[in-house]
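Notebook open, model loaded. I wanted to go through the strands, the helices and a few side chains, and jot down what I found.

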Amino acid sequence: MDRWRGRVALVTGASVGIGAAIAVELVRLGMKVVGCARDVAKIQKLAAECQSAGHPGVLVPFKCDLTKEEEILSMFAAIKEQHKGVDVCINNAGLSHPEPLLSGKTSGWKNIMDVNVLALSICAREAYQSMKERNVDDGHIININSLCGHHVYDFADLHFYTATKYAVTALTEGLRQELRAEKTHIRATSISPGLVVTEFVSRANNPDQVAGIYAAYKALQPKDLASAVTYVLSAPPHVQIGELLVEAIQ
């Protein structure tokens, strides 16, 4: 990770769970991390904790609603002005609502699509443009995907979410192909975790379902995904890790 010291990473959805763990770990390893979320107060608290711990990097909180393209573009403009640009983009933000295909609300589907697919695509595009204009040829775009991006589970509340994660699988491979066509060494990686102990599961399901899910399966911890990110970033520049599946041993 030495070559990333002092360089700039954007982590979306950095206030809690996987995003928070990734942001703190990258700061611990010496990166300048712009952590964005709607609830910026939680990131400010994380930033203070990183400073108190004496981590060599810095966490920069940024308030951003990823469902609004104008806010994403303003964020990238601010990063350009204050930090020159993005070297690593980690599209971690994602959400789900219990909206089955046969009875779900269209508004819920649109919200899932806006965050899981469109925001991810906008951030990847803007990160690439930031790298390109600064002649950064070793950048990295990492999409936090899911096992649901590779298998359709028999769980109606997750079917629309699953469709968006299949999109992430396709988008990451599409990015990889387009980056190769541009003759760049910028890399694109999808990291697909299984069940993780985060607020995400609690937000997406009712309390009884959450208790049942965690009782039935061993789950990963957010720090396990932070380790997966540093593993991917630590690969030699000539090595492309296109997909990384991460599961807890049952």
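I started at the pairing of β1 and β2, where Leu 10 stands opposite Val 34 in β2. The two strands run parallel and share five bridges; I count strands as paired if DSSP finds at least two bridges between them. Helices (H or I, at least four residues) and strands (E, at least two) are DSSP runs, numbered from the N terminus. The chain goes from β1 through α1 to β2, a right-handed β-α-β crossover. Right-handed here means that, with the strands pointing away from me, the path from the first strand over the helix to the second runs clockwise.

Before going on, I noted the ground rules: this is a predicted model, where local features need pLDDT of at least 70, side-chain atom pairs count only at pLDDT 80 or more, and totals for chains, interfaces and linings use all residues. Residues are numbered from 1 along each chain as its sequence is written, and side-chain values use heavy atoms, with hydrogens and water left out.

Next I checked the cover on β2. Five of its six residues are buried, where buried is under 20% relative accessible area, exposed is over 50% and partly exposed is in between (1.4 Å probe, protein chains only). On to β3: six bridges join it to β2, again in parallel. In that pair, Val 33 sits opposite Leu 59 in β3. β2, helix α2 (residues 40-52) and β3 form a right-handed β-α-β unit.

What is the strand order of the open sheet? I read it as β3-β2-β1-β4-β5-β6-β7, seven strands with parallel pairing. The edges are β3 (58-63) and β7 (243-246), each of which pairs on one side only. From one strand to the next, the twist averages 15°.

Then I looked at β4 and β5. Strand β4 (residues 88-91) pairs with strand β5 (residues 140-144) in the parallel sense, over four bridges. Ile 90 faces Ile 142 in β5 across that pairing.

Helices on the sheet came next. Helix α1 (residues 17-28) lies across β1 (8-12), β2 (32-37), β3, β4 and β5, at about 165° to β1. Helix α8 (residues 222-234) lies across β4, β5, β6 and β7, at about 155° to β6. For these angles, axes are lines fitted to C-alpha atoms, for helices over the stretch in contact, and the angles run from 0 to 180 degrees between N-to-C directions. Contact means heavy atoms within 4.5 Å.

I picked Asn 91 in strand β4 for a closer look. Is Asn 91 buried or exposed? Asn 91 counts as buried because its relative accessible area is 2%. Its C-alpha is 5.5 Å from that of Thr 12, although the two are 79 residues apart along the chain. Leaving out residues up to four places away in sequence, Asn 91 touches several others, including Thr 12, Cys 123, Ile 142 and Asn 143.

I did the same for Thr 189, which lies in strand β6 (residues 187-193). Thr 189 has 0% relative accessibility, so I put it down as buried. Among the residues it touches, with the same sequence neighbours left out, are His 140, Asn 143, Thr 172, Val 232 and Gln 240.

How many disulfides are there? The count is zero, going by cysteine sulfur atoms within 2.5 Å. Cys 36 is in none; its nearest cysteine sulfur, on Cys 64, is 5.0 Å away. Cys 89 is in none either, and the nearest cysteine sulfur, that of Cys 123, lies 5.4 Å off. Cys 36 is at 0% relative accessibility, so it counts as buried. Cys 89 is likewise buried because its relative accessibility is 0%.

Last item, aromatics: I found one aromatic pair. Trp 109 and Phe 160 have ring centres 5.4 Å apart and planes at 10°, so they are stacked. The rule takes rings of Phe, Tyr and Trp (its six-membered ring) with centres within 6.5 Å; planes under 30 degrees apart are stacked, over 60 edge-to-face, and the rest tilted. Trp 109 is in helix α4 (residues 106-133) and Phe 160 in helix α5 (residues 159-181), so this pair links distant parts of the chain, 51 residues apart. Phe 160 counts as buried because its relative accessibility is 16%.
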